[in-house]
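Got the viewer open? Let's walk through this one stop by stop, selecting as we go.

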Amino acid sequence: MLAEQGLAAPLTNGYRVPEDEIAALDGSDAELLGLPPLFTGTFKGGLTGATTSPRFRVRLEAVVDDHEVSVQRDGATVHVLDERYRLGPAALMALRAADAHAALPERQRGRIRNVQLLAELDAARRLAAGEFGDAADSSFHLDLAHLAEWNTVVPTKVGLTVEQTVDGSLELFPDLGTGTDPDVLRERLQQLDAFPPGEGGVLHHDKTLVLLDPERRAGVEEIRRTPRIPAYQVPDFMRAYGDFLDPDLVPLDGGFGIRVMGIGLIAPVSFAQANETGIDWFAAVQSLLPPQSLATKAQTLPEHTALAATVEQAWQDGKALLTVDQDVVDIGDRSRVADALRASRERLEALGIPTDDGGPAGGEGDPASSSGRTVTVGMHIADAADRAARLRTQADAARPVGPVDYESLRRAPFPHQREGIEWMTGLMHASLDAEYADVDRVQGALLADDMGLGKTFMTLVALREMLLAEWNRAGEARPVLAVMPVALLENWLAEIEETFSSSPFEDVVVLQGDGLKDFRRRGAGPETAVGEDDLDARGMVLPEVLQTRTALRIGAAAGPARLDMPNRLVLTTYDTLRRYQISLGQVDWGVVVFDEAQATKNPDILVTRAAKGLKARFKLLATGTPVENSLRDFWCLMDTAQPGLLGTWAEFREQRAAPIEAASGEAKGQLGKDLRDAVGPFMLRRIKEDHLPDLPSKTIYRNNGVDMPPVQREAYDGALHRHRTLLRGTKGSALTTIQALAAVSLHPSAPGDTPMRSDDGGLLESARMIAAIAVLDRIRDLDEKVIVFASNKKVQQRLSIWLGERYGRFVPVVNGDTAAYVSDGSSQDTRRGIIKGFEAADGFNLIIMSPLAVGVGLTVVGANHAIHLERHWNPAKEAQATDRIYRIGQQRPVHVYLPMALHPDRDSFDVNLDRLLQNKTNLKDAVLVPDIVSEAEMVSALGLDLSADGSVAR
């Protein structure tokens, strides 16, 4: 499993596992691998020299029977008195830091490096004490002796303190979040001037040393360069923070806290989905990402370090949610967060990306080389099209299309696919007509077919027809861009091979990972950072500057190495679009496809602005879930596809969204139908049950309830008791209890660092697993294949071992740690490769999958059974996972199982959750508007009474 996740390298006679991964293994996993026992003694630190001396050194020795004994470290193990022991994460951190410092030549042991060692040792001590969110590590004790008199702090981020003066101007000061008096630090900022530019620095006050790495120091210096906002610019500052301070240095998207006297909170509306400090978990649960999503958020090691620091600070602030980039992530389960961050670091170290943007620092395109202050820029999106123009455009869109060549395809389309291809082709051809101004013509459409109807196949055929039409008109076809989640890159490449005998594209380029290196200008810096001198009086980037600031090779001047070659298909990801929006925004694309387009449903986030700002004759947005949370999702997608069709958001909210949300019953259905009619031919939505008559039956089994075994019932009752006796009236008690009940209903050892049995007897401790075993035994007897869906990574790994022992086979796991796409030719298995191997095996086979990691794009029709061992609050997410097996190509009846843990004395978490989800699934209307799960419904589903005393009603 470690090898599948890229965390272990295969050798001729075994595997090489990184030392960090060895240290992080729990006791039962280490026992399975035959590793030595964990060292549980004490390390004592001896200090030589002062921190200002090049002879400064810290020596760590083990304390055995009150004697200090020298140790020899070998990776994640240590030799103590001829015995070999395994080190835990905290012990490894401390010994590795001491070893690295001791190996430095004296000339490199300056004050910064010496203080950094003290900070790393203190961090190891804090890690062992559980101060970073993990459970305390009782195996590691560090006696710093007289080193303990130093208070060494390492800021995890640079925040902002804003104070209003009597004249209405604002004074800006860095907030290092260290617990040190900010006024004292403010007076000592000039101490940083003693350190060379581009390096870190140290702020010294009494026995407190504040260590700034280069990234954090750059954030402090950014604020020092802009110490004051004049009164007349205060409104602009509040609306567009990024015009004054570089958000990359003073980040907006990490849930930063800001203290504003007299003017209120400055919320990063334009740069994040929500301000983390004010988010309501219940309202956000539909779009809340799980902890494992952190494993793929960072694209470079510096980003990973910043992310881990942000998580730590959020925990210290008592927060269970974090805004990361443009998503809201649940960080309440600290064990799962730690797993995700560890996987993130290992993944990035394996990739070996040296800098934030994949190229060497400095040189051409580096914003630091620009004169003046560096600012962050992004796309400004204007409202478009009046109502008369919309009506003319609808008439254009309804025109018929000529014959489509189906005979040359490798597979014959189904009737509904012919309809979809011809619908898209007609719209794309209409987009080439220039009878009206650009804002009046056909510009795009929303393909909202149900999951499993073949949207990618239909899209590829329509793209071929568009290329031929352009070629016939102009003798050349513009390039095509397809933007998608990284997990779908392999799927698109495979679909091209399976659809065409001869590819209609000149070539196909994957603009992701190593593929970026082929088109990136050497030395280019972050695209959206430019110098003040590069802006005109309106704050817009000067036209002559745009080409010089782009990071990708585009345009004729780039020659044959250009990205935007005619007739080329470029596959990229939403993250790459966000990072390279200026380059990609200057290309004259023929068609831009947004696969799983719900990624652009929020009009405020940068990737949506980038999507709307791309130049294209036609934009196709493909998604099976055009509405995930609210009608704003639907409006935003349509506003990208056909700007102005539904008016501005203000118009749409007043005229459409508010009346629909307020209505009920038949009235709501009629308003929904009116909205569908208003969209007209610009959206195509079909349900697979209506268009796949040969699709096998699908049966959902809800009668798989099993009474909780005593150990599980005890853990469940304990979670309720803790809510009643310890969490009463505390902030976030409902979230804490929800997470606890959900975890123990899966398995009593699922929460936190609770140890799990190494033998398959652990299966019998969970009612859900007992029910699942009965189902698995029947599937084995049928000689068929099954997917077990589970989100908890700890349970995934243990379940793989338990089921593997029970059924005598290796059970693979596909989750967020499994590579979605590998471009370097390495042997690491991808999600698609593992799934193909699972399907290729004869007869009975089983695989464990995270529903969120495989919830889009992947096809697994080799299996016809699905067991949802863990369920999602949003029924659409569960349906997406099920539709991996219930789609075109499935030949056998599909069976879906929902095992439940029952409690003898009350309706259990599983029973109430299933009842709630059934009610929500049954409420559908003509606009695909989901009924959002309210706070009251969620609390009721668990039988919690959130009255003033926070007691439990039942």
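One cut-off before we start: a residue is called buried here if its relative accessible area is under 20%, and exposed if that area is over 50%. Keep in mind, too, that you're looking at a predicted model.

**Stop 1: strand 21.** Select residues 480-484, which make up strand 21. Which way do the side chains point? Val480, Ala482 and Met484 go one way, while Leu481 and Val483 go the other, and all of them are buried. With five of its five residues buried, strand 21 is largely enclosed by the rest of the structure.

**Stop 2: the strands on either side.** Now add strand 24 (residues 568-573), which runs parallel to strand 21 and is joined to it by five bridges. Find Val480 and look across to strand 24: Leu569 stands opposite. Next, bring in strand 25 (residues 589-595), also parallel to strand 21, with four bridges between the two. Here the residue opposite Val480 is Val591.

**Stop 3: the whole sheet.** Zoom out until you have seven strands in an open sheet, paired in parallel and ordered 22-24-21-25-26-20-27. Where are the edges? They're strand 22 (507-511) and strand 27 (683-684), each pairing on one side only. At the strand 22 end, five bridges connect it to strand 24, and the two run parallel. Click on Val509 and you'll see Val570 of strand 24 standing opposite.

**Stop 4: a helix over the sheet.** Switch on helix 12, residues 415-432. Helix 12 lies across strand 20 (444-447), strand 25, strand 26 (616-622) and strand 27, and makes an angle of about 155° with strand 26.

**Stop 5: helix 22.** Select residues 665-679 for this 15-residue helix. From first C-alpha to last, helix 22 reaches 22 Å, close to the 21 Å expected at 1.5 Å a residue. Colour its buried residues: Lys668, Gly672, Leu675, Ala678 and Val679. Then look down the axis of helix 22: those buried residues fall within an arc of 115°, so they line one face of the helix. Just after helix 22 comes Gly680, with a positive phi, near 60°.

**Stop 6: salt bridges.** Side chains of opposite charge can pair when their charged atoms come close. The count for this model is 40 salt bridges, so let's visit a few.

- Start with Arg224 and Asp193, whose side chains meet at 3.2 Å, N to O. Arg224 is in helix 6 (residues 214-225) and Asp193 in the loop between helix 5 (182-187) and strand 13 (201-205), so the pair ties together parts that are 31 residues apart in sequence. Arg224 is partly exposed at 28% relative accessibility, whereas Asp193 is exposed at 52%.
- Move on to Asp213 and Arg216, a salt bridge at 2.9 Å, N to O. Asp213 is partly exposed at 29%, but Arg216 is buried at 6%.
- Then pick Arg411 and Glu495, with their closest N and O atoms 2.4 Å apart. This pair links distant parts of the chain, 84 residues apart: Arg411 sits in the loop between helix 11 (387-397) and helix 12, and Glu495 in helix 14 (residues 489-499). Arg411 is partly exposed at 29%, while Glu495 is buried at 15%.
- Finish the set with Glu19, Asp20, Arg73, Arg96 and Asp99, joined into one network by salt bridges that share partners.

**Last stop: Thr77.** Select Thr77 in strand 7 (residues 77-80). Buried or exposed? Thr77 has 6% relative accessibility, so it counts as buried. Beyond its neighbours within four places in sequence, Thr77 contacts Pro36, Gln72, Arg84, Tyr85, Arg86 and Leu87.

Definitions and conventions
Residues numbered from 1 in each chain as written. Predicted model: local features only at pLDDT ≥ 70, side-chain atom pairs only at ≥ 80, totals over all residues. Heavy atoms only, no water. Buried < 20%, exposed > 50% of the residue type's maximum accessible area, 1.4 Å probe, protein only. Contact = heavy atoms within 4.5 Å. Pairing = 2+ DSSP bridges. Axes fitted to C-alpha atoms, helices over the stretch in contact; angles between N-to-C directions. Expected span 1.5 Å × (residues − 1). Arc of directions from axis to C-beta. Salt bridge = Lys/Arg side-chain N within 4 Å of Asp/Glu carboxyl O.
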